[in-house]
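Please read this report alongside the sequence and the coordinates. It takes up confidence and overall make-up, then the cores, and then selected helices and loops.

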Amino acid sequence: MTRILALRTQGKTMQQIGDLFGVGRDTVSRWISKEFGGEKTTFGDMLRYAKALDVPLNELIGEQTQLMPISQYNKAVGRILKEFAQDSDMSATDIATRTPLSITEIDAVFSGKIAATPEQLYSICAAIEVNATIVLKRAAKNTSPAA
């Protein structure tokens, strides 16, 4: 709600905010005036709203820690993707403009805070023009016991 109110203070109309979320201006008006109606919001809707506002899932649900620890392999995948991106002179912002991913998602993958989903992996690889198999094999080699 804080972020929605911030959009209003930045001059966004209720219609523009509604368009961002895929809802009508009446819904936005109800949110802002704190009227009832949110009880009809599905979890899928909440995820869509959070993505529109670039709110990480753990912030949305109030979790400060990852439910499952990230494996060394997945951290290596993120690190290698970041290296390839740097070699291609591409920032997370550049990649976000070429993929359906947010900058927050890309940074989280690069820093090893989250394990890349197959969709995230292939989106990032396509943007930086590297074969995903190369990234995965290099990560496996870097995390093998002999490495």
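## Confidence in the model

This is a predicted model, and its mean pLDDT is 83, with 84% of the residues reaching 70 or more. Confidence varies from element to element: α6 has the highest mean pLDDT, at 94, whereas helix α5, residues 57-60, has the lowest, at 66.

## Overall make-up

The secondary structure consists of ten helices and zero strands, so that the order of elements from the N terminus reads α-α-α-α-α-α-α-α-α-α. The protein has 147 residues, of which 32% count as buried. Among contacts with a sequence separation of 6 or more, 58% join residues that are 24 or more positions apart.

## The nonpolar cores

The largest nonpolar core comprises 23 residues, and within it the residues with the most contacts are Leu81, Ile95, Ile124, Ile128 and Val135. Two or more residues are given to this core by each of α6, α7, α8, α9 and α10, and the largest share, six residues, comes from α6. Valine 135, one of the residues with the most contacts inside the core, illustrates these links: leaving aside neighbours within four places in sequence, valine 135 is in contact with Val77, Ile80, Leu81, Phe84, Leu121, Cys125 and Val130.

A second, separate core holds twelve residues, including Leu7, Phe21, Val28 and Trp31. In soluble globular proteins, nonpolar side chains tend to be buried together.

## Leucine 7 in helix α1

Leucine 7 belongs to helix α1, which spans residues 2-9, and is one of the residues of the second core. Its relative accessible area is 14%, and because the cut-off for a buried residue is under 20%, leucine 7 counts as buried.

Not counting residues up to four places away in sequence, leucine 7 touches Lys12, Ile17, Leu20 and Leu53. One of these contacts spans a long stretch of the chain, since leucine 7 and leucine 53 are 46 residues apart in sequence, while their C-alpha atoms are 9.8 Å apart in space.

## Helix α8 and its surroundings

In helix α8, residues 103-110, the buried residues are Ile106, Ala108, Val109 and Phe110. The elements that cover these buried residues include α6 (72-87), α7 (92-98) and α9. Just after α8 comes glycine 112, which takes a positive phi of about 80°.

## Helix α9 and its contact with α10

Which residues of α9 are buried? They are Gln120, Leu121, Ser123, Ile124, Cys125, Ala127 and Ile128, and the elements against which they pack are α6, α7, α8 and α10. Glutamine 120, which is found in helix α9, has a relative accessibility of 7% and therefore counts as buried. Apart from residues up to four places away in sequence, glutamine 120 touches Leu101, Glu105, Val109, Ile114 and Ala115; Val109 is among the buried residues of helix α8.

The axes of helix α9 (residues 118-128) and helix α10 (residues 132-143) come within 9 Å and cross at roughly 115°. Because angles of 65 to 115 degrees count as roughly perpendicular, α9 and α10 are described as roughly perpendicular to each other. Leu121, Tyr122 and Cys125 of α9 and Ala132, Val135 and Leu136 of α10 make the contact. By class, this contact of α9 with α10 has six nonpolar residues, and no polar or charged ones.

## Two loop residues with positive phi

Aspartate 89 lies in the loop between α6 and α7, and its phi is near 55°, a positive value in a residue other than glycine. With a relative accessibility of 69%, aspartate 89 counts as exposed.

Glutamate 129 follows α9 and lies in the loop between α9 and α10. Although glutamate 129 is not a glycine, its phi is positive, at about 55°. Is glutamate 129 buried or exposed? Its relative accessible area is 74%, and glutamate 129 is therefore exposed.

Notes. Residues are numbered from 1 along each chain as its sequence is written. Side-chain values use heavy atoms; hydrogens and water are left out. Axes are lines fitted to C-alpha atoms, for helices over the stretch in contact, and angles run from 0 to 180 degrees between N-to-C directions. Helices (H or I, at least four residues) and strands (E, at least two) are DSSP runs, numbered from the N terminus. Angles under 35 degrees count as roughly parallel, over 145 as roughly antiparallel, 65 to 115 as roughly perpendicular and the rest as oblique. Contact means heavy atoms within 4.5 Å. Ala, Val, Leu, Ile, Met, Phe, Trp, Tyr, Cys and Pro count as nonpolar, Asp, Glu, Lys and Arg as charged, and the others, Gly among them, as polar. Buried means under 20% relative accessible area, exposed over 50%, partly exposed in between (1.4 Å probe, protein chains only). A nonpolar core is a set of buried Ala, Val, Leu, Ile, Met, Phe, Trp, Tyr and Cys residues joined through side-chain atoms within 4.5 Å. pLDDT is the predictor's confidence in each residue, from 0 to 100.
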